[in-house]
Amino acid sequence: MDTNMISKEENILFAAEKLFAEKGFEGTSTREIAKAANVNISMISYYFGSKEKLYEKLVEYRMKEGQFFSNEILERTDMNEWEKIVKMVDQFSDRIKNHKCFYRIMQREQLHAENPQILEFLKQTKIGFIAMYSQLLERGLKNGTFTKNPPIYLLHSTVSGTLFYALNAKPMYKEFLNNTEEESVFDEKYYTELNKHIKHLLKDLLGYEENK
């Protein structure tokens, strides 16, 4: 696959992502995707075969991107287990902040279970992330970085649940705080506070002390 083909494919994927987030899978036509991507409608069939396959490819593309970064962090030798968990939380939070459209699609997908194949792929991806956390917790307990051993699924739930709830509730919190700043300025502060909050929770849950 040459570079031009990849960029054209991505162009279609990203145009579809915005439309799927806004209108849902059923509410988005291939004609609209082609128009937003500024390509001929036949290009969608050429690259993906169908709207369903395009949708599946988008999910695979974004989820694999996240897994790649996490695997890279996991294998680093210049960080301890706490620093790796912090890096993974930062990376997860950044992805939710920068790919809001995609994560809205995923939340809708999990609520309405529109595509069984995607649900299965998401489940396997989540299990992969839980296994990563599990590995880090096990190593950290062995070498004394962590002193507490919380249930790993609840640890994963604390991080994901807090991030997703915060993504959905952001407009309400902005209003509650009477914040009139530009969206991008508020975003920066909001996610900085959110990351700090999650790390405080994790420190307590894992029994991690910085200056032992």
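These questions and answers cover Phe121, helix H4 and the largest pocket of a predicted model. Residues are numbered from 1 along each chain as its sequence is written. In this predicted model, local features need pLDDT of at least 70, side-chain atom pairs count only at pLDDT 80 or more, and totals for chains, interfaces and linings use all residues, while side-chain values use heavy atoms and leave out hydrogens and water.

Q: Is Phe121 buried, partly exposed or exposed?
A: Buried means under 20% relative accessible area, exposed over 50%, and partly exposed in between (1.4 Å probe, protein chains only). The relative accessible area of Phe121 is 25%, so Phe121 is partly exposed.

Q: Which residues does Phe121 touch, not counting residues up to four places away in sequence?
A: Contact means heavy atoms within 4.5 Å. The C-alpha atoms of Phe121 and Glu60 are 7.9 Å apart, with their places 61 residues apart along the chain. With residues up to four places away in sequence left out, Phe121 touches Val59, Glu60 and Met63.

Q: What distance separates the end C-alpha atoms of H4?
A: Helices are DSSP runs (H or I, at least four residues), numbered from the N terminus. The expected span is 1.5 Å times one less than the number of residues. H4 has 24 residues, so 34 Å is expected; this agrees with the end C-alpha separation of 35 Å.

Q: How many charged residues are in the lining of the largest pocket?
A: Asp, Glu, Lys and Arg count as charged. The lining also holds 9 nonpolar and 9 polar residues; the charged residues number 3.

Terms used:
Helix = DSSP H or I, 4+ residues; strand = E, 2+ residues; numbered from the N terminus.
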